[in-house]
Amino acid sequence: MANRFGSTRKRRRGFLGILLPLGFFVAVVYMFNMGVGYLTQANEEEALEAVRVAVTRAAVQFYALEGRYPPTLDYLVERFGLQVDEDRFIIHYDAFASNIMPQITVLPR
């Protein structure tokens with residue numbers, strides 16, 4: 001009888017010996033993937049905010065120098081040297097009047 005139970009335990013131990021580390025490895029890979037996804041999303045949000053702040057600062061600095069806000073975003077790019085990656089971002093620049101701060105919205109592409 002001892003031999004029959006001994007072989008069953010070895011089979012169970014072998015099955016758990018493979019399944020447990022494999023499950024742990026899958027869990028670690030899943031957690032790593034979730035962490036990378038979270039960091040990527042946080043980085044994208046920071047990039048959007050940085051572009052919005054850069055366009056706003058350029059418009060305010062233009063207003064300080066010229067006494068009016070630029071009529072279009074292209075005007076800021078051509079005359080003020082603002083550089084924006086248009087392949088990554090969509091920038092909506094809505095200038096109502098020359099003495100009112102334009103509404104600036106930055107969206108990912």
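The chain exposes about 8900 Å² of accessible area, of which carbon and sulfur atoms supply 60%. These values were computed from a predicted model. Buried residues account for 18% of the 109 residues in the chain. The secondary structure consists of two helices and two strands, and their order along the sequence follows the pattern α-α-β-β. Helix 1 covers residues 2-66, helix 2 covers 73-80 and strand 1 covers 89-94, and strand 2 covers 103-108. Among contacts between residues at least 6 apart in sequence, 41% join residues at least 24 apart.

The interior was examined next. The largest nonpolar core contains 17 residues, and V55, L73, L76, Y93 and V106 are the members that touch the most other members. Helix 1, helix 2, strand 1 and strand 2 each give two or more residues to this core. The greatest contribution comes from helix 1, with seven residues.

Two of these core residues were considered individually. L76 is located in helix 2. Its relative accessibility is 0%, and L76 therefore counts as buried, the limit being under 20%. When residues up to four places away in sequence are not counted, L76 touches V55, A58, A59, F62, P70, G81, L82 and Y93. The partner V55 is 21 residues away from L76 in sequence, whereas the C-alpha atoms of the two residues are 8.5 Å apart in space. L73 was analysed in the same manner. With residues up to four places away in sequence again left out, L73 touches V55, L82, I91 and Y93. V55, L82 and Y93 thus appear among the contacts of L76 and also among those of L73.

Charged side chains were then considered. A search of the whole structure finds two salt bridges. One of them joins R88 to E44, with the closest N and O atoms 3.4 Å apart. R88 lies in the loop between helix 2 and strand 1, while E44 belongs to helix 1, so this pair ties together parts of the chain that are 44 residues apart in sequence. R88 has a relative accessible area of 40% and is partly exposed. E44 also counts as partly exposed, at 29% relative accessibility.

The other salt bridge is formed by the side chains of E49 and R52, at an N to O distance of 2.6 Å. Both residues lie in helix 1, where they are three residues apart, about one turn of the helix. E49 has a relative accessibility of 39% and counts as partly exposed. R52, at 31%, is likewise partly exposed. The E49 and R52 pair is thus contained within helix 1, whereas the R88 and E44 pair links helix 1 to a loop.

Finally, nonpolar side chains at the surface were examined. L22, F25, V26 and V29 form a nonpolar patch there, and together these residues have about 380 Å² of accessible area. One of the members, L22, lies in helix 1. The relative accessible area of L22 is 49%, so this residue is partly exposed, because the class of exposed residues begins over 50%. Helix 1 therefore holds L22 of the surface patch and also gives seven residues to the largest nonpolar core.

Terms used:
Residues are numbered from 1 along each chain as its sequence is written. This is a predicted model: local features need pLDDT of at least 70, side-chain atom pairs count only at pLDDT 80 or more; totals for chains, interfaces and linings use all residues. Side-chain values use heavy atoms; hydrogens and water are left out. Patches are made of residues with over 30% relative accessible area and no salt bridge: like charges are joined within 9 Å, nonpolar side chains (Val, Leu, Ile, Met, Phe, Trp, Tyr) within 5 Å. Accessible areas come from the Shrake-Rupley method with a 1.4 Å probe; for residues, only the protein chains shown count as cover. A salt bridge is a side-chain nitrogen of Lys or Arg within 4 Å of a carboxyl oxygen of Asp or Glu. Helices (H or I, at least four residues) and strands (E, at least two) are DSSP runs, numbered from the N terminus. Buried means under 20% relative accessible area, exposed over 50%, partly exposed in between (1.4 Å probe, protein chains only). Contact means heavy atoms within 4.5 Å. A nonpolar core is a set of buried Ala, Val, Leu, Ile, Met, Phe, Trp, Tyr and Cys residues joined through side-chain atoms within 4.5 Å.
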